[in-house]
Amino acid sequence: MDNTFEPKIMGFLCSWCSYAGADMAGVSRMQYPANIRVVRVMCSGRIDPLFVVKAFENGADAVLVSGCHPGDCHYATGNYYAERRMQAMQRLLDFFGIDQRRFRLTWVSASEGARFAEIVSEMTEEVRALGPLNLVEKENK
Ligand code: FES
């Protein structure tokens, strides 16, 4: 196995909670791997499952979707929609030949910087052990 492999994790974070949580981790100088690339969205309810599929298609080894805790969405129910959509999408990952451990849906509040850092660290370790996804190579075979 390639010991130099560094997973590319695409993170879709809602602006009000998870993005603020990531910011809190940064401001508090918490250490976590620099493997995540963040896209800030207004609400997790805005995240189309196709965003996740596209991220994998374009080279992500894993995708994290994170929003406000249930009951805390600033648009009332966006995260409930996100949860249902992402659960349905996750079941389709096998169909695409993608291990379900490469996708996570989490809830992180603005004050949970430590939780955000922990999630990214865990996910990086897990995906590092899984190895590169190489979906593009698989498609071309
Ligand atoms: S505003 Fe954060 S999940 Fe809706």
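The exercises below, each with a worked solution, concern a predicted model.

**Exercise 1. The disulfide**

Determine how many disulfides the model has, which cysteines are joined, and what handedness results.

Step 1. The cut-off for a disulfide is a pair of cysteine sulfur atoms within 2.5 Å. By this rule the count is one disulfide.

Step 2. The bond joins Cys-17 to Cys-68, with an S to S distance of 2.5 Å.

Step 3. The torsion about the S-S bond of Cys-17 and Cys-68 is about 95 degrees, so the disulfide is right-handed.

Step 4. The two cysteines come from distant parts of the chain, 51 residues apart. Cys-17 sits in the loop between strand 1 (9-14) and helix 1 (18-27), while Cys-68 sits in the loop between strand 3 (62-67) and helix 3 (78-93).

Step 5. Buried means under 20% relative accessible area. Cys-17 has 6% relative accessibility and therefore counts as buried. Cys-68, at 3%, also counts as buried.

Step 6. Two further cysteines can be put to the test of Step 5. Cys-14 is buried at 2% relative accessibility, and Cys-73 is buried with a relative accessible area of 9%.

**Exercise 2. Strand 3 and its neighbours**

Work out which strands pair with strand 3, in what sense, and how its two faces are covered.

Step 1. Strand 1 and strand 3 run parallel and are joined by five bridges. In this pairing Gly-11 stands opposite Leu-64 of strand 3, and the bridge partner of Leu-13 in strand 3 is Ser-66.

Step 2. Strand 3 also pairs with strand 4 (residues 103-107), in the parallel sense and over five bridges. Here Val-65 stands opposite Leu-105 in strand 4.

Step 3. In a regular strand, side chains alternate between the two faces of the sheet, so the faces can be examined separately. One side of strand 3 holds Ala-62, Leu-64 and Ser-66, and the other holds Val-63, Val-65 and Gly-67.

Step 4. Both sides are covered, since the residues named in Step 3 are all buried. The tally for strand 3 is six buried residues of six.

Step 5. As for connectivity, strand 3, helix 3 and strand 4 make a right-handed β-α-β unit.

**Exercise 3. Strand 1**

Find how many residues of strand 1 are buried and which unit the strand forms with helix 1.

Step 1. Five of the six residues of strand 1 are buried, so strand 1 is largely enclosed by the rest of the structure.

Step 2. Strand 1 pairs with strand 2 (36-41). The pairing is parallel, over six bridges. Within it, Met-10 has Arg-37 of strand 2 as its bridge partner.

Step 3. Strand 1, helix 1 and strand 2 make a right-handed β-α-β unit.

**Exercise 4. Salt bridges**

State how many salt bridges a search of the whole structure finds, and identify the partners of Arg-104.

Step 1. The search finds seven salt bridges.

Step 2. Arg-104 meets Glu-122 in one of them, at 3.0 Å from N to O. This pair links distant parts of the chain: Arg-104 lies in strand 4 and Glu-122 in helix 4 (residues 113-130), 18 residues apart. Glu-122 is partly exposed, with a relative accessible area of 39%.

Step 3. Arg-104 also forms a salt bridge with Glu-126, the closest N and O atoms being 3.2 Å apart. Glu-126 belongs to helix 4 and is 22 residues from Arg-104 in the chain. At 27% relative accessible area, Glu-126 is partly exposed.

Step 4. Glu-6, Glu-125 and Arg-128 are joined into one network by salt bridges that share partners.

Step 5. Asp-99 and Arg-101 form another salt bridge, with closest N and O atoms 2.8 Å apart. Asp-99 is partly exposed at 28% relative accessibility, as is Arg-101 at 43%.

**Exercise 5. A surface patch**

Name the residues of the nonpolar surface patch and place Met-42 in the chain.

Step 1. The patch is formed by Trp-16, Met-42 and Tyr-75, with about 330 Å² of accessible area together.

Step 2. Met-42 lies in the loop between strand 2 and helix 2 (49-57).

Step 3. Patch residues need over 30% relative accessible area. Met-42 has 46% relative accessibility and so counts as partly exposed.

Technical notes: Residues numbered from 1 in each chain as written. Predicted model: local features only at pLDDT ≥ 70, side-chain atom pairs only at ≥ 80, totals over all residues. Heavy atoms only, no water. Patch = residues over 30% accessible without salt bridge, like charges linked within 9 Å, V, L, I, M, F, W, Y side chains within 5 Å. Areas by Shrake-Rupley, 256 points an atom, 1.4 Å probe, with all protein chains shown as cover. Salt bridge = Lys/Arg side-chain N within 4 Å of Asp/Glu carboxyl O. Helix = DSSP H or I, 4+ residues; strand = E, 2+ residues; numbered from the N terminus. Buried < 20%, exposed > 50% of the residue type's maximum accessible area, 1.4 Å probe, protein only. Pairing = 2+ DSSP bridges. Right-handed = clockwise from strand over helix to strand, strands pointing away.
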